[in-house]
Amino acid sequence: VQLQASGGGLVKAGETLRLSCAASGGSIADYVMGWFRQAPGKEREFVSAISWNGPSTYYADSVKDRFIISRDNAKNTVSLLMNSLKHEDAAVYYCAASTMTYTDYVRVALGPEYDYWGQGTLVTVSS
């Protein structure tokens, strides 16, 4: 499956941005979907994940209560609504798909558990 992330841009602190990840060459219904981010000079980190049909969602502590992940299997897309953006949210955001057979808070946060990655979309947060 190929993943294409979009929706990044320049926003001010406190504003909202919505990222989208469109899949092709396969159905995302078969995958656990996740978002990761990498800021300059830092390691890639887990942001959020959602199980196959969306009953289970997972968030990093740093984004909990501000970000919302959702998926539309019929449209083959996954979205990340980012509210109350902070300067520390600035990064390149990547969507990823995993064939993991079960989800838990540890496993969904591990990059190596994901089999497919999109190219990333840049989020910049200004004062």
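Which backbone oxygen lies 2.8 Å from a polar atom of the side chain of S48? The legends below take that up after a first look at the whole protein, which is a predicted model.

**Figure 1. The whole protein, built from strands.** Welcome to the overall view of this predicted model. Its secondary structure comes to 11 strands and zero helices, so reading along the sequence gives the pattern β-β-β-β-β-β-β-β-β-β-β. With a radius of gyration of 13 Å, close to the 14 Å given by the globule rule for 127 residues, the protein is as compact as a globular protein of that length. Along the principal axes, the C-alpha atoms fill a box of roughly 40 × 25 × 25 Å.

**Figure 2. Inside, outside and charge.** Here we stay with the whole protein and look at how its residues are placed. Of the 127 residues, 43% count as buried. Among contacts with a separation of 6 or more, 59% are between residues 24 or more positions apart. The accessible surface comes to about 6300 Å², and carbon and sulfur atoms hold 50% of that. The protein has 11 positive and 12 negative charges, and the mean positions of the two groups are 5 Å apart.

**Figure 3. S48, a buried serine in strand β5.** Now for the opening question: the backbone oxygen belongs to Y58, and it lies 2.8 Å from a polar atom of the S48 side chain. S48 itself sits in strand β5, which covers residues 45-50. With a relative accessible area of 0%, S48 is buried, because buried means under 20%. Beyond its neighbours within four places in sequence, S48 is in contact with M33, G34, W35, Y58, Y59, I69 and L80. Y58 therefore appears twice in this view, as a residue in contact with S48 and as the owner of the oxygen at 2.8 Å.

**Figure 4. G118, a loop glycine that meets distant parts of the sequence.** G118 is found in the loop between β10 (116-117) and β11 (121-126). Its relative accessible area is 10%, so G118 counts as buried. Look for Q2 in this view: G118 and Q2 are 116 residues apart in sequence, yet their C-alpha atoms are 7.0 Å apart in space. Not counting residues up to four places away in sequence, G118 touches L3, Y94 and C95.

**Figure 5. D65 and N76, two loop residues with positive phi.** Let us take the pair one at a time. D65 is placed in the loop between β6 (57-59) and β7 (67-72), and its phi is near 75°, a positive value in a residue other than glycine. N76 lies in the loop between β7 and β8 (77-82), with a phi near 60°, again positive in a residue other than glycine. Which of them is buried and which is exposed? D65 is exposed, with a relative accessible area of 78%, whereas N76 is buried at 15%.

**Figure 6. R107 and its partner E113.** The last close-up turns to the loop between β9 (91-98) and β10, where R107 is found. R107 counts as buried, at 17% relative accessibility. A polar contact of 3.1 Å joins its side chain to that of E113. Leaving aside neighbours within four places in sequence, R107 is in contact with M100, T101, Y102 and E113.

How values were computed. Residues are numbered from 1 along each chain as its sequence is written. This is a predicted model: local features need pLDDT of at least 70, side-chain atom pairs count only at pLDDT 80 or more; totals for chains, interfaces and linings use all residues. Side-chain values use heavy atoms; hydrogens and water are left out. Helices (H or I, at least four residues) and strands (E, at least two) are DSSP runs, numbered from the N terminus. Buried means under 20% relative accessible area, exposed over 50%, partly exposed in between (1.4 Å probe, protein chains only). A polar contact is a pair of N or O atoms within 3.5 Å; within protein, one must be able to donate a hydrogen and the other to accept it, and residues adjacent in sequence count only if both atoms are side-chain atoms. Contact means heavy atoms within 4.5 Å. The radius of gyration is taken over C-alpha atoms; the globule rule is 2.2 Å times the number of residues to the power 0.38. Accessible areas come from the Shrake-Rupley method with a 1.4 Å probe; for residues, only the protein chains shown count as cover. Lys and Arg count as positive and Asp and Glu as negative; His and the chain ends are not counted. The place of a charge is taken as NZ of Lys, CZ of Arg, CG of Asp or CD of Glu.
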